[in-house]
Amino acid sequence: MVYQPACGARDILPLDVARQRWLEHRLERVFQSWSYQEIITPTIETLATLTAGGALKPETVIQVHSGSDELLGLRPELTASIARAAVTRMAGMQLPQRLYYKTNVFRRSAMGGSTAGDLGSQQEFFQAGVELLGATGLAADAEILWLVQECLSALGVDNAYLMVGDAQLTQLLLAEFPTELQNVVRQCLASLDRVSLQQLPSPWAERACQLFDLRGSLRDVEDELERWRVSAEIHQRFQALRQLLELVGDRLTVTLDLSLIQSFNYYTGIVFEVLVATETELRLVGQGGRYDQLLSVYHPDGTALPGIGFVFNVEQLLQAIASPPASLLAARSQWLVVPLNPAALGAALQHAQTLRLDGSTRVEMALLELAPEQIRAYARDRQIPYIAWIDVDTPPQIESLIDPLTLTQSRETATLLPPRS
């Protein structure tokens, strides 16, 4: 029998782990520079927590069997878990709360929709994102959009696009349809189903298709709304959205899309998707939005607390950007410590530990009994620059496999040089 990972799971090998950590560390530095603090929530939540408020259906959650009657599930995203923690464990803390996370989530591959990270049959995904809780208004929304741009800049991404919508504005536009058609139109927009919209009764089919296509520059969308002769409430909401996007300015290439509806149905304000242009496609790498009612679902007293956040899908983002070459990511040893005989093993272990004392030097022991030339070949193959030959009651013999004069004098290189005698 050949043992394989479970369906929807996969192994992440060392080089891919290094690329993932490289990306996560850069995002983390940006989050921290904006005063966001890391939070870790349980991998397993009660099914009631994950489906509270109707944002998710129980069948979309990967459920876990437990020894009790309580139904459990693997978290499909982090916002619900953070909302629960914020109004229970963090209740009474000073607002606003700025929180970030970098972790894995689990989703059934049949969920569909435009959720960032849906990769075929894959069911485990890695995410990094933020939640800004207890703040609303223009300043909070602008902070989140600026933070998205700062993250992309830290990763060297200059070909990103931001698709921005407004859940409240879209809902106002949907309210102009007959009550029995509103949910149908909403579902078609969420699933990008234009064909079904064309089959609606007249004149609503035409208006629904117009809403489906309501995207473009601020000016283009505004002109289209003026032709619709929309209500004063819609016009007022649009002007607030205009003010926000003008604050973003030229930091991102922004397309306004009032047909944008996220698969997680708890958004109440701006919603957005982050796309990166590759040689062959626009790849969805992140998404976010405002959710001012979600936290009231978890609050013991039903108290409302505003929130807004975004998430990057780590795997999608890695595939869309130019990560460092493997040579920079490989965690190579700087020293190979070789006991010359069995009696020297204790001294070799002690010398290796001495080299590791500063915590920044990678040292490995030679574990195989090989001839000296085989040891040198092993070190060259692994690009280990220094060998320490250890014998009993004699000083270590240091052999360099590179010419120190050709090394670039950098902080990284300095850790490779043998200690002064």
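Two strands are taken to pair if DSSP finds at least two bridges between them, strands (E, at least two residues) and helices (H or I, at least four residues) being DSSP runs numbered from the N terminus. The structure is a predicted model, in which local features need pLDDT of at least 70 and side-chain atom pairs count only at pLDDT 80 or more, while totals for chains, interfaces and linings use all residues. Residues are numbered from 1 along each chain as its sequence is written, and side-chain values use heavy atoms, with hydrogens and water left out.

In β9, Val254 is the bridge partner of Leu162. Strands β7 (residues 160-166) and β9 (residues 253-257) pair in the parallel sense over four bridges. An open sheet of nine strands, with mixed pairing, follows the order β1-β5-β6-β12-β11-β10-β7-β9-β8. Its edge strands, β1 (37-38) and β8 (215-216), each pair on one side only.

Helix α10 (residues 232-248) lies across β7, β9 and β10 (270-277) and runs at about 170 degrees to β9. Angles run from 0 to 180 degrees between N-to-C directions, with axes fitted to C-alpha atoms, for helices over the stretch in contact; contact means heavy atoms within 4.5 Å. Helix α3 (residues 79-87) lies across β5 (97-106) and β6 (124-133), at about 40 degrees to β6.

A nonpolar core is a set of buried Ala, Val, Leu, Ile, Met, Phe, Trp, Tyr and Cys residues joined through side-chain atoms within 4.5 Å, where buried means under 20% relative accessible area (1.4 Å probe, protein chains only). The largest such core has 69 residues, and those with the most contacts inside it are Phe31, Phe272, Phe310 and Phe312. Helix α4 (residues 138-154) gives the most to this core, with eight residues.

Terms used: Buried < 20%, exposed > 50% of the residue type's maximum accessible area, 1.4 Å probe, protein only.
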